[in-house]
Amino acid sequence: MDIVIRPARPEEFEEAGRITVEAFVGDGHTAPDGDYVHRLRDAARRAEEAELLVAVDSAAGTVLGCVTFAAGGTTWADIATPEEGEIRMLATAAAARGRGVGEALVRAALARSRELGLTGMAFSTQPAMTTAHRIYERVGFGRDPERDWSPVPGIDLMVYSMAF
């Protein structure tokens, strides 16, 4: 399977939102009736206010996964400083898992940070997202526990970062 990573097109927003909800709710990271589900589903808003990258099967044209990229200091950046990039809502369709989609999306976000002249990346992840942690560590990110935080009581987030 040949994967192409590029900015999402408007006709892909609905599928990107569906995949994101499927990944976060289906894997038990987000409650199906929680407020966060609306943010996960709203890929059009993410594309408008940040950058929404999609992984597409080049032969079939199907969306396999997506990630939101934000420069630090912008609306979608929770933890990144103005000199860093940040990824949010990394998601791979269930049928595409284990094929390198997540890693390709993370690498594309790294490349985007470098294109913008940023000096690193930092982002948050839930402790239970161990598959994603393996991707981050394989790509070269390390834990940054001094920056761990809780956006709301009961949700503890770990931070990974990389300087370049």
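So, burial first: 48% of the 164 residues in this chain are buried. Keep in mind that we're looking at a predicted model. On the surface side, the accessible area comes to about 7900 Å², and carbon and sulfur atoms account for 51% of that.

Okay, overall layout. The chain has 5 helices and 8 strands. If you walk along the sequence, the order goes β-α-α-α-β-β-β-α-β-α-β-β-β. The radius of gyration is 15 Å, and the globule rule for 164 residues gives 15 Å as well, so the chain is as compact as a globular protein of that length. For those of you setting up boxes, the C-alpha trace spans about 45 × 35 × 30 Å along its principal axes. And on contacts: take the ones between residues at least 6 apart in sequence, and 61% of them join residues at least 24 apart.

Now let's zoom in on one strand, β4, which covers residues 84-92. How many of its residues are buried? That would be 9 of 9, so to speak the full strand. What does β4 pair with? On one hand there's β3, residues 63-71, running antiparallel to β4 over 6 bridges. You can find Ala70 there, standing opposite Glu86 of β4. Then there's β5, residues 120-125, which pairs with β4 in the parallel sense over 2 bridges. In that pairing, Glu84 sits opposite Gly120 of β5. To get from β4 to β5 the chain goes through helix α4, residues 101-115, and this β-α-β crossover is right-handed.

Last topic, the aromatics. The structure holds 6 aromatic pairs. One of them is Phe24 with Tyr36, in an edge-to-face arrangement, with 6.5 Å between the centres and 65° between the planes. Where do the two partners sit? Phe24 is in helix α1, residues 13-26, while Tyr36 belongs to helix α2, residues 36-41. They are 12 residues apart, and the pair links distant parts of the chain.

Are those two rings' residues buried or exposed? Phe24 has a relative accessible area of 8%, which is under the 20% cut-off, so Phe24 counts as buried. Tyr36 comes in at 31%, so Tyr36 is partly exposed.

One more thing on aromatics: Phe123, Tyr136, Phe141 and Tyr160 form one cluster. Phe123 is a handy place to start if you want to find that cluster on screen.

Definitions and conventions: Residues are numbered from 1 along each chain as its sequence is written. This is a predicted model: local features need pLDDT of at least 70, side-chain atom pairs count only at pLDDT 80 or more; totals for chains, interfaces and linings use all residues. Side-chain values use heavy atoms; hydrogens and water are left out. Buried means under 20% relative accessible area, exposed over 50%, partly exposed in between (1.4 Å probe, protein chains only). Helices (H or I, at least four residues) and strands (E, at least two) are DSSP runs, numbered from the N terminus. Two strands pair if DSSP finds at least two bridges between them. A crossover is right-handed if, with the strands pointing away from the viewer, the path from the first strand over the helix to the second runs clockwise. The radius of gyration is taken over C-alpha atoms; the globule rule is 2.2 Å times the number of residues to the power 0.38. Contact means heavy atoms within 4.5 Å. Accessible areas come from the Shrake-Rupley method with a 1.4 Å probe; for residues, only the protein chains shown count as cover. Rings of Phe, Tyr and Trp (its six-membered ring) pair if their centres lie within 6.5 Å; planes under 30 degrees apart count as stacked, over 60 as edge-to-face and the rest as tilted.
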